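Student: Could you take me through one part of this protein up close? I would like to look at a single helix and what surrounds it.

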Amino acid sequence: MNWPRVSAGDKFGRLTVICRKPSPDNGSRWLCHCDCGNEIITRASTLKSGGTKSCGCLRREKTTRYNKSMNFKHGMCFEPIYAVWFGMLARCRNPNSTAYKYYGARGITVCDRWLKFENFYADMAPRPEGLTLDRINNDGNYEPGNCRWTDWKTQRANQRNPHGNRRKKAYQSGASS
Ligand SMILES: [Zn+2]
């Protein structure tokens with residue numbers, strides 16, 4: 001049997017090999033120190049093959065970056081409808097999503113029917129090019145009766161309206177007193 005050889009001090013991505021750990025399958029496990037401060041025990045073969053490059057922090061960071069880029073893309077032209085659906089679920093159901101605080105945390109949910117992409121597609125496809133998914137009632141949920149495709153400008157105006165009105169009223173009452 002030819003075990004892939006690694007030795008203490010070898011570096012694989014973020015992992016630095018510390019020492020060999022005895023294990024039932026002939027001692028091919030290694031204790032590694034990750035740049036982020038964690039330690040993991042892994043096989044020499046996965047280190048050698050590049051399958052393991054961190055304690056898992058690398059993948060977590062990639063996921064965060066992906067979520068951020070999804071958020072950034074919101075409202076841009078070439079967003080496929082699947083990404084719209086995925087983003088909607090993330091905003092309402094994933095507390096790690098950067099926009100969760102504006103949606104899920106405010107109690108905005110996705111209706112049961114739309115938890116399946118097929119149903120969302122059946123109700124909302126095709127997405128007119130350049131338009132984004134908008135909720136007609138800004139405090140309402142993502143569900144067939146409350147959603148439409150609008151351009152980004154209309155959507156922003158819809159979101160700003162309550163504030164705009166309040167400010168206007170305050171101004172008017174201030175002016176009349
Ligand atoms: Zn790490």
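Tutor: Start with a term. Helices and strands here are DSSP runs, with at least four residues for a helix and at least two for a strand, numbered from the N terminus. Keep in mind that this is a predicted model. The protein has five helices and six strands. From the N terminus on, the order is β-β-β-β-α-α-α-α-β-β-α.

Now pick out helix H3. Helix H3 covers residues 81–93. Check its length. H3 has 13 residues, and at 1.5 Å a residue they should span 18 Å. The end C-alpha atoms of H3 are 18 Å apart, so the expected span and the model agree.

Next, see which residues of H3 are buried. They are Val84, Trp85, Gly87, Met88, Ala90, Arg91 and Cys92. Set that against the whole chain: of the 177 residues of the protein, 15% count as buried.

Some of those H3 residues belong to a core. The largest nonpolar core has ten residues. Among them are Val84, Trp85, Met88 and Cys92. Helix H3 gives the most to this core, with four residues. The other members are Tyr103, Trp114, Phe120, Leu133, Tyr142 and Cys147. In soluble globular proteins, nonpolar side chains tend to be buried together.

Take one core member, Trp114. Leaving out residues up to four places away in sequence, Trp114 touches Asn119, Phe120, Tyr142 and Glu143. Phe120 and Tyr142 are in the largest nonpolar core too. There is also a second, separate core of seven residues, including Val6, Phe12, Leu15 and Leu47.

Now leave H3 along the chain. The loop between H3 and helix H4 (117–124) holds Ala105. Is Ala105 buried or exposed? Count its neighbors. Ala105 has 12 other C-beta atoms within 10 Å, and a residue with 12 or fewer is exposed, so Ala105 is exposed. Compare Arg91 in H3, which is buried. Arg91 and Ala105 are 14 residues apart along the chain, and their C-alpha atoms are separated by 9.0 Å.

Finish with contacts across the whole protein. Take the contacts with a separation of 6 or more. Residues 24 or more positions apart account for 33% of those contacts.

Conventions:
Residues are numbered from 1 along each chain as its sequence is written. This is a predicted model: local features need pLDDT of at least 70, side-chain atom pairs count only at pLDDT 80 or more; totals for chains, interfaces and linings use all residues. A nonpolar core is a set of buried Ala, Val, Leu, Ile, Met, Phe, Trp, Tyr and Cys residues joined through C-beta atoms within 7 Å. A residue is buried if 20 or more other C-beta atoms lie within 10 Å of its own, exposed if 12 or fewer, and partly exposed in between; C-beta atoms are placed from the backbone. Two residues are in contact if their C-beta atoms, placed from the backbone, lie within 7 Å. The expected span of a helix is 1.5 Å times one less than its number of residues.
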